[in-house]
Amino acid sequence: MKLKKFTAPTTREALQKLRAELGEDAIILSTKQTAAGTEVLAASSQDLDTVTEKPAASSAPLSWTKAERTQFAAQEATRKPTPAEKIAQQVAAQRDVLINRAPEVTHQIPNAMPAPDMISDVAKRRSQAASDAMASEQTAVLEEIKQMRQLLKDQMAMITWRDALEKNPQRGELWNQLTQSGFSPLFARTVVEKLPAELSDSQVQDWVMNVIKKNLNVVPADKDIVETGGTFALVGPTGVGKTTTTAKLAARCVVKYGADSLGLITTDSYRIGAQDQLRIYGKILGVQVYTAQTHADLAQLRNTMQRKRLILIDTVGMGQRDSRVAEQTKILTDSHVKRVLLLNATSQPETLDDVVRHYKSTGLNGAILSKLDEAIKIGGVLDVVMRHKLALHYIATGQRVPEDLFPADPRVLVHRAMRARSSQAFQASSEELKWKMAQVSATGI
């Protein structure tokens, strides 16, 4: 039997050398660690088969007698095996062990494989990852389709507007006139779409002015605040002229019905000199001014003034987004006070729309337009009034008391709104106008 030693720094390299020289069927006899690395002692399977067979010298010849055979067996039992026989016995024993363990190893292989539920989990995770990737890709595709659809929609709207303008140029001119007067693009588009065909320029102007007049809700002069009487609170943001307008209404009431018919209350304790300003007006009119800071104070004052024809309440100015607006509104509503909102005609239409939405939460009895003399364009404020269907009581055009307060006249308001024009810096060119009209038509804004 040929025994081979294989030495390498690692066991893996030693086994590679062993297989390269003796083949895959080589039998490892021993392994040990040396200073040079791992030492493996092995033999080929052919040598193992030769060694495991018993030598012929170890068996007795057939010609021997029974006594001779017995004596030979006794000698063989006491004889020590040679080194070659020892190695042969060790190899045979190791081979038997490997053969006996082979079924166990073979039996253990299926147990080392992943369980079916583990395979299922892996498949599920892979399927989920694929689904997520597909969903993300679908979302991206849908977003691109949406953008392309919007682009095509804008282009079609542009073409539609151009065709409409070529067929009826008056529509484009009217749309431009309304937007330049301060009206919103949405209002202008709604009006232009209903413009009758075959009208002259003067007839178009008359038609649009009549449309605006019909949509303005103006309180008749015989049913205004002074004539109907009751308890009214003037509310609105800071600086819109609530105190001055209160003094103007008070003066109109005193002139017509006397000082005893009027009651004045102020809730403005925040601004320095706010109460003094109203008290000066009250002193001129001969009317005492009372202060109410709580709901109980207001209820008590109303009980003492229940015989008054008109009670006017000057409230503290608050921005529409102020948290105190809700508190003030609750106090006035619980006291059954009618609220009239003051709108500054010089403010931006977007700001006015926001003011109305915040102050209109529990209902308004109407509105008064202030600072009309300072506004360049009043189409925006009229647009907000029409959109929210507010009843117009008065218009204020200055600081004089009581001269600069007039009943709301739709003819005056519409005429003033339609003749307003923006400066060149704020006017759109013809191409910009077409693009803007197309955008409004596509988005509805």
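# Legends to the close-up views

**View A. P402 sits in the loop between strand 11 (391–396) and strand 12 (405–407).** The peptide bond that leads from V401 to P402 is cis, its omega being near 0°. Helices (H or I, at least four residues) and strands (E, at least two) are DSSP runs numbered from the N terminus. The model is predicted: local features need pLDDT of at least 70 and side-chain atom pairs count only at pLDDT 80 or more, while totals for chains, interfaces and linings use all residues. Residue numbers start from 1 along each chain as its sequence is written, and side-chain values use heavy atoms, with hydrogens and water left out.

**View B. The whole protein has 17 helices and 12 strands.** Of its 445 residues, 36% count as buried; buried means under 20% relative accessible area, exposed over 50%, and partly exposed in between (1.4 Å probe, protein chains only). Among contacts with a separation of 6 or more, 73% are between residues 24 or more positions apart. Contact here means heavy atoms within 4.5 Å.

**View C. Confidence in the protein is lowest in helix 4 (residues 83–112), with a mean of 54, and highest in helix 15, at 91.** The value shown is pLDDT, the predictor's confidence in each residue, from 0 to 100. Its mean over the protein is 76, and 69% of the residues reach 70 or more. Over residues 102–110 pLDDT stays under 50, and the model has zero contacts for this stretch beyond four places in sequence. Where pLDDT is low, the predicted coordinates should not be read in detail.

**View D. Helix 8 (residues 201–215) has V204, V208, M209 and I212 as buried residues.** These four cover an arc of only 125° around the axis, which puts them on the same side of helix 8. The arc is that of the directions from the helix axis to the C-beta atoms. The buried residues of helix 8 pack against helix 6 (169–180), helix 7 (185–193), helix 15 (379–387) and helix 16 (410–418).

**View E. I212, L216, L343 and L369 touch the most other members of the largest nonpolar core, which has 51 residues.** Helix 15 gives the most to this core, with five residues. A nonpolar core is a set of buried Ala, Val, Leu, Ile, Met, Phe, Trp, Tyr and Cys residues joined through side-chain atoms within 4.5 Å. Not counting residues up to four places away in sequence, L216 touches L382, V385, M386, L392, P410, L413 and V414. Apart from this core lies another one, of 22 residues, with V289, V340, I368 and A396 among them.

**View F. T267 and G229 are two buried loop residues.** T267 is placed in the loop between strand 6 (262–266) and helix 11 (274–285), and its relative accessible area is 19%. Leaving aside neighbours within four places in sequence, T267 contacts A292, I313, D314, T315 and V316. G229, in the loop between helix 9 (225–228) and strand 5 (230–235), has a relative accessible area of 7%. Not counting residues up to four places away in sequence, G229 touches R309 and L310. The C-alpha atoms of G229 and S261 are separated by 9.5 Å, with these positions 32 residues apart along the chain.

**View G. K371 has a positive phi of about 55° although it is not a glycine.** K371 is in the loop between strand 10 (366–370) and helix 15. K389 is in the loop between helix 15 and strand 11, and its phi is also positive, near 55°. K389 is exposed, with a relative accessible area of 70%.
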